[in-house]
Amino acid sequence: SSFDCKKMAVQAKARKFVLRNAFQGVPKPEDFEIVEEDLPPLKDEEFLCEAEWWTVDPYMRFFGKIGEQMLGEQVARVTQSKAKEYEVGTLVIAFFGWRTHTVCPLSSCEMLKMRKVEPMAGVSASTALGILGMPGATAYFGVKNICQPKRGEGVEGEQTLVVTAASGAVGSVVGQIAKIMGCRTVGFAGSDEKVEYVKNIGFDAAFNYKTMGSLEDTLKAACPKGIDMYFDNVGGEFFEVILSQMNTFGRVAVCGAISQYNATEPPKARPVSQLILRNQLRVEGFNVFRWFAEWPKALKEIKAWIDEGKLEYREHVFEGFEKMPEAFISLFKGQHIGKVVVKKL
């Protein structure tokens, strides 16, 4: 019947968000547009995935090209398959972007960083986009491999780590991992509610940078033994002031610079090179995919810490694919604590 034909046709469509306007300052809802795309029938060695969860992350701001689909990871379920490696019902995570359905050939799996999501007791599949995914790995490797806490070193045997955006998906985990590794941990966040959260998950000190007054004085009081490690998520003025208070041979992990992401004017040059030289600091930028091969081991350790009650995480869920732009924009307004994800309705 004609009804059946229609039904088949409806199944073979995907909806996706494309970038309509180049971002100017903070992204706006009208910068995005939903378009429909016809999906081809499956060929051999291909499978069809339907998204169940999407992530929004600040880095996406830099990968939007006008007229093209927004980039990003999603957790999706295989709904049709002509590839024995991915049977119907399998849950996967991959860089499919801001779209509802995707036909994926086996030959693209590696490029899309595809991996299977094993169901785990006590955690939602969405954690594969957060604490048990890229943000969790970012915190883990940034602290372990770049900040390199050394037990028993530092002033009087205690090392101090400072982290900015401390209530976010990465920062909140950074602070907790640093605590597990025996550091004094100091965080900065943008509201009293966030500061409260950061203290509740075990930071030794936390401050609302919007109301604290002088950053320099706050740091001196909070870090009387100086700063050994800085995990930088924001860049800007913080970077310069914190570097000026670091101990000799301090380590800085440069993970993000969200304070500058929406700037419409170039920043003034800041004289940080002499601070790096004077204190013999090591400052290193990183992309967590450098250690992609080691993710499974790291995420296993994070899951064990969650099970042991040593590590807490929070998610903020937006409901429905249409909410992608709103969820993304919320990141730059600092509206939520923890990881922001979008759930299929």
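**Exercise 1. Is E301 buried, partly exposed or exposed, and what is the relative accessible area of E301?**

Solution. E301 is partly exposed, at a relative accessible area of 28%. The classes are set with a 1.4 Å probe and protein chains only: buried is under 20% relative accessible area, exposed is over 50%, and partly exposed lies in between.

A note on the basis. The model is predicted, so local features need pLDDT of at least 70 and side-chain atom pairs count only at pLDDT 80 or more, while totals for chains, interfaces and linings use all residues. Residues are numbered from 1 along each chain as its sequence is written, and side-chain values use heavy atoms, with hydrogens and water left out.

**Exercise 2. Find the salt-bridge partner of E301 and place both residues.**

Solution.
- Step 1: apply the rule. A salt bridge is a side-chain nitrogen of Lys or Arg within 4 Å of a carboxyl oxygen of Asp or Glu.
- Step 2: name the partner. E301 pairs with K144, at 3.5 Å from N to O.
- Step 3: place the two. E301 sits in helix α9 (residues 295-307) and K144 in helix α2 (residues 134-147), so the pair links distant parts of the chain, 157 residues apart. Helices (H or I, at least four residues) and strands (E, at least two) are DSSP runs, numbered from the N terminus.
- Step 4: check K144. K144 is partly exposed, at 30% relative accessibility.

**Exercise 3. Which residues share a salt-bridge network with R99?**

Solution.
- Step 1: take the direct pair. R99 and E37 meet through their side chains at 2.9 Å, N to O.
- Step 2: place the pair. R99 is in the loop between β5 (91-94) and β6 (101-105), E37 is in strand β2 (residues 32-38), and 62 residues separate them.
- Step 3: compare exposure. R99 is buried at 7% relative accessibility, whereas E37 is partly exposed at 24%.
- Step 4: extend the pair. Shared partners join K16, E37 and R99 into one network.

**Exercise 4. What parts of the chain does the E322 and R15 salt bridge tie together?**

Solution.
- Step 1: start from the total. The rule gives 16 salt bridges.
- Step 2: pick the pair. E322 and R15 meet at 2.8 Å, N to O.
- Step 3: locate each end. E322 lies in the loop between β14 (315-319) and α10 (324-332) and R15 in strand β1 (residues 13-19), so the pair ties together parts that are 307 residues apart in sequence.
- Step 4: add exposure. E322 is partly exposed at 43%, and R15 is partly exposed at 29%.

**Exercise 5. Describe the largest cavity and the second largest pocket.**

Solution.
- Step 1: fix the terms. On a 1 Å grid over the protein atoms alone, a cavity is a set of points where a 1.4 Å probe fits but cannot get out; a pocket is an open set with protein on both sides within 12 Å along at least five of seven lines; lining residues have an atom within 4 Å of a point. Grid points join across faces, edges and corners, and volume is the space filled by probe spheres set on the points.
- Step 2: count the cavities. There is one cavity of 30 Å³ or more. The largest cavity has a volume of about 80 Å³.
- Step 3: read its lining. Of 13 lining residues, I131, A169, Y313, R314 and K339 are the closest to the centre of the largest cavity.
- Step 4: sort that lining. Four are nonpolar, six polar and three charged. Here Ala, Val, Leu, Ile, Met, Phe, Trp, Tyr, Cys and Pro count as nonpolar, Asp, Glu, Lys and Arg as charged, and the others, Gly among them, as polar.
- Step 5: turn to the pocket. The second largest pocket has a volume of about 620 Å³. Its lining has 24 residues, with K116, V117, E118, M120 and L132 nearest the centre.
- Step 6: assign elements. β5, β7 (115-116) and α9 each give two or more residues to this lining. Helix α9 gives the most, with five residues.
- Step 7: sort the pocket lining. The residues divide into 13 nonpolar, five polar and six charged.

**Exercise 6. Where are E45 and Q148, whose phi values are positive?**

Solution.
- Step 1: recall the background. Most residues other than glycine have a negative phi.
- Step 2: take E45. Its phi is about 65°, and E45 lies in the loop between β2 and β3.
- Step 3: take Q148. Its phi is near 50°, and Q148 lies in the loop between α2 and β8 (160-164).
- Step 4: check exposure. E45 is partly exposed at 42%, and Q148 is partly exposed at 28%.
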